[in-house]
Each structure stands twice: as structure tokens, then as C-alpha cells.
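Thank you all for coming; I would like to walk through one chain this morning, beginning in the middle of its sheet and working outwards. Please keep the sequence and the model in view while I talk.

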Amino acid sequence: MHPLLSQRFSPSAFDPSHELEPSDVELLLDAARWAPSAGNSQPWAFVVGRRGDDTHRRLVRHLAGSSASWAPAASLLVANLSHRFVETTDWEYSEFALYDLGQAVAHMTFQAQALGLLVRQFRAFDRAAVASEFAVPPHWEVTTMSAIGRATRRAPARERRPLDDIAWR
């Protein structure tokens, strides 16, 4: 297995002194942009806040208690949005949008690992408040957030279910 996959973990503490360069942020977003999607629909968008900027402060305001203790220290907070309405079709919503967004966030996570960064994906925030704060149109769904930065400590040993539990053969 590739070391970037086997060494991935979700940190619970970020280095509050680490700053991301704008070029690194662009690289992370570009990695997400190249993710596969159904019909090449690319049904994702991101609200991106670097620690210290106004967008980061506005995202932090809507964190739930459990994430408010660690997420503000992340170098980058990203609200992950899925485009549920499929233009040029008669579909009310895309059944693939959430899956495709997950692919894009996974690509961003892999790129972060390649840059020596870690990503913690989470849902402990007020989705409706973030949508309102950033005037997200109704056909978009604020889905999850990602906190990206340098971890202050290594992860404990991780366990995964055995392959036989997840592969129906």
C-alpha cells in the first residue's frame, strides 16, 4: 500500500503556528478539481479559509463544541459543498453528488499528505448557518468540513476491520 494511505490519520490537534502558502491552497483545490465524477459533472465547491483571514473566522463561528476545541488551530478550514441539482436534465437532484464530493475531498486529502499535511474531515458544525453566512444557493448543500494543517502529535495505533469483513467474495 502507498505510504501516504497507510500513514494517514485524522489529527485531533493542529499546530497553531503553521501557515499554508497560497500556492499550497491552490494545489489542494486543484487536486480536488481533478477527481472523477459522474458524467464529468464535478458537483463540488469549497468555501476556503486560511487561519487568520475573514473566511476562517466566519467558519469558526459555526463550529460545534466538539470541533471548536481543535479545528480553529488548523491552517485551513474548508467547507465542502455538493451541487445536488443537475443542470440540463430533468433530475431534481444528483444521486451521485455526495459520492463525487467524497472523491474530491479524498483527492484533496491525498495531496495534503503529499505536502506533509494532515486532514480531519468532520460534520460537527451548523450546516444551515454556514450556508446562510456564505449565501450558498439552495441547489448547493453544505455537506462536511475539512481541517488541514500540521499535527502536533502522532496518531495512536490505528485498527481497521479485516478485509474479509468488507469484501463479499
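Strand S4 is mostly covered, with 7 of its 10 residues buried, where buried means under 20% relative accessible area, exposed means over 50%, and partly exposed lies in between, using a 1.4 Å probe and protein chains only. Before going further I should say that this is a predicted model, in which local features need pLDDT of at least 70 and side-chain atom pairs count only at pLDDT 80 or more, while totals for chains, interfaces and linings use all residues. Residues are numbered from 1 along each chain as its sequence is written, and side-chain values use heavy atoms, with hydrogens and water left out.

When I speak of helices and strands I mean DSSP runs numbered from the N terminus, H or I over at least four residues for a helix and E over at least two for a strand; two strands pair if DSSP finds at least two bridges between them.

Which strands, then, does S4 pair with? On one hand S2 and S4 pair in the antiparallel sense over 8 bridges, and Leu76 has Ile148 of S4 as its bridge partner. On the other hand, S4, which spans residues 140-149, runs antiparallel to S3 and is joined to it by 5 bridges; Phe122 is partnered there with Met145 of S4, and Leu118 stands opposite Gly149 in S4.

Putting this together, the sheet is open, has 4 strands in the order S1-S2-S4-S3, and pairs in the antiparallel sense. Strands S1 (44-50) and S3 (118-122) stand at the edges with a single partner strand each, so one side of each has no neighbour in the sheet. On average, neighbouring strands of this sheet are turned by 25° against each other, direction ignored.

Now to the helices. Helix H2, residues 22-33, lies across S1, S2 (76-83) and S4, and runs at about 165° to S1; axes here are lines fitted to C-alpha atoms, for helices over the stretch in contact, with angles from 0 to 180 degrees between N-to-C directions, and contact means heavy atoms within 4.5 Å.

Helix H5, residues 97-114, has 18 residues and reaches 26 Å from its first C-alpha to its last, close to the 26 Å expected at 1.5 Å a residue, the expected span being 1.5 Å times one less than the number of residues. Its buried residues include Leu101, Ala104, Val105 and Met108, and the buried residues of H5 pack against helix H1 (3-6), H2, S1, S2, S3 and S4. After H5 comes Gly116, whose phi is positive, near 80°.

Two further positive phi values deserve a look, and both belong to the loop between H2 and S1, where Asn40 lies and Gln42 is found. Asn40 is not a glycine, yet has a positive phi of about 55°, and it counts as exposed at 56% relative accessibility. Gln42, also a residue other than glycine, has phi near 45° and counts as partly exposed at 32%.

Finally, the chain as a whole has 7 helices and 4 strands, following the pattern α-α-β-α-α-β-α-β-α-β-α along the sequence. Of its 169 residues, 38% count as buried, and residues 24 or more positions apart account for 76% of the contacts with a separation of 6 or more.
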